[in-house]
Amino acid sequence: MARIEIDKESGFCFGVVTAIRKAEEQLAAGTPLYCLGDIVHNSDEVERLRAKGLRTITHSEMAALSNARVLLRAHGEPPSTYAMARERNIEIVDATCPVVLKLQQRVKAAYDREGERPQIVIYGKLGHAEVNGLVGQTDGRAIVVENTADLDKLDYSRDIALFSQTTKSLEGYSRIIAEIQRRKDDDVVFEHYDTICRSVSGRVDRLRNFAASHAVVLFVAGTKSSNGRILYDECHAVNPDTHLIANASHLDPSWLKGAESIGICGATSTPLWLMEQVRDAAAAYTSEDE
């Protein structure tokens with residue numbers, strides 16, 4: 001039978017753990033609770049909490065509520081969401097990740113700086129919940145760049161303050177910094193801040209080693225998880241026999257034939273119970289081949 005191992009470093013980051021704990025505490029007390037957007041980018045975990053009573057809503061649906069309780073997930077929200085809550089007498093259960101909250105404060109401080117305001121630039125995924133919260137700190141004026149091609153949006157004769165979405169890669173951020181350094185005018189002040197969460201970025205090297213140590217890797221992540229796609233790509237780069245699946249039902253037994261070792265890992269939005277289900281399914285398939 002193949003050796004099957006779940007990566008002990010994979011699974012929820014502490015920000016997601018806190019958000020889910022807060023949701024479960026409210027639900028256990030019998031408190032009706034809404035969540036603004038999926039609490040985590042994993043449909044199986046969202047469904048588990050929905051069965052407990054957590055209702056996911058959009059911003060437009062929140063605008064129609066009043067006298068309700070709404071959980072803000074770890075990704076954070078712009079100031080406009082808090083203003084809406086005050087206007088609608090909505091109680092906020094704030095599960096914004098402390099790392100994201102600190103980043104929001106730094107972006108706002110740069111935007112509110114006295115004197116000539118620098119261009120606020122955010123390296124991140126356009127439309128991502130965390131990025132929307134960051135842009136909101138600047139009254140919508142921050143420039144979002146996803147890659148070096150987007151850097152054409154900047155004015156290199158003006159000062160620049162660069163921040164990164166907390167879950168982006170350090171390598172990608174370094175490329176953005178180097179390209180801005182290369183393009184900017186000599187007298188332009190360019191400030192860049194290390195705002196990438198180490199509990200996320202630190203997983204890259206560990207996952208590479210984990211993927212390289214197994215014949216086949218099953219990477220478990222929700223289809224909405226941008227972090228999942230990034231980490232899967234890292235695993236696939238060192239082990240081409242890495243397969244991205246959302247849950248055990250997506251497992252193809254043919255991937256496992258003849259494999260001496262199978263590694264199971266996941267994104268910061270992947271619950272341990274989901275990886276355990278994949279482990280059990282893989283064990284059942286490999287035992288059938290004996």
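I began with strand β2 (residues 33-36), which runs parallel to strand β3 (residues 54-57) and is joined to it by 4 bridges. Strands here are DSSP runs of E of at least two residues, helices are runs of H or I of at least four, and both are numbered from the N terminus. Two strands count as paired if DSSP finds at least two bridges between them. I noted that the model is predicted: local features need pLDDT of at least 70, side-chain atom pairs count only at pLDDT 80 or more, and totals for chains, interfaces and linings use all residues. Residues are numbered from 1 along each chain as its sequence is written, and side-chain values use heavy atoms, with hydrogens and water left out.

I next looked up the bridge partners of Tyr-34. In β3 the partner is Arg-55, and in β4 it is Val-70. Strand β4 (residues 69-72) pairs with β2 in the parallel sense over 2 bridges.

Are the two faces of β2 covered or open? I found both covered: Leu-33 and Cys-35 on one side, and Tyr-34 and Leu-36 on the other, are all buried (under 20% relative accessible area, 1.4 Å probe, protein chains only). In a regular strand the side chains alternate between the two faces of the sheet.

I then turned to the largest nonpolar core (buried Ala, Val, Leu, Ile, Met, Phe, Trp, Tyr and Cys joined through side-chain atoms within 4.5 Å). Of its 17 residues, those touching the most other members include Leu-218 and Ile-262. The elements giving two or more residues are β10 (216-220), β12 (261-266) and α11 (272-288). Helix α11 gives the most, 5 residues.

Note on methods:
Buried means under 20% relative accessible area, exposed over 50%, partly exposed in between (1.4 Å probe, protein chains only).
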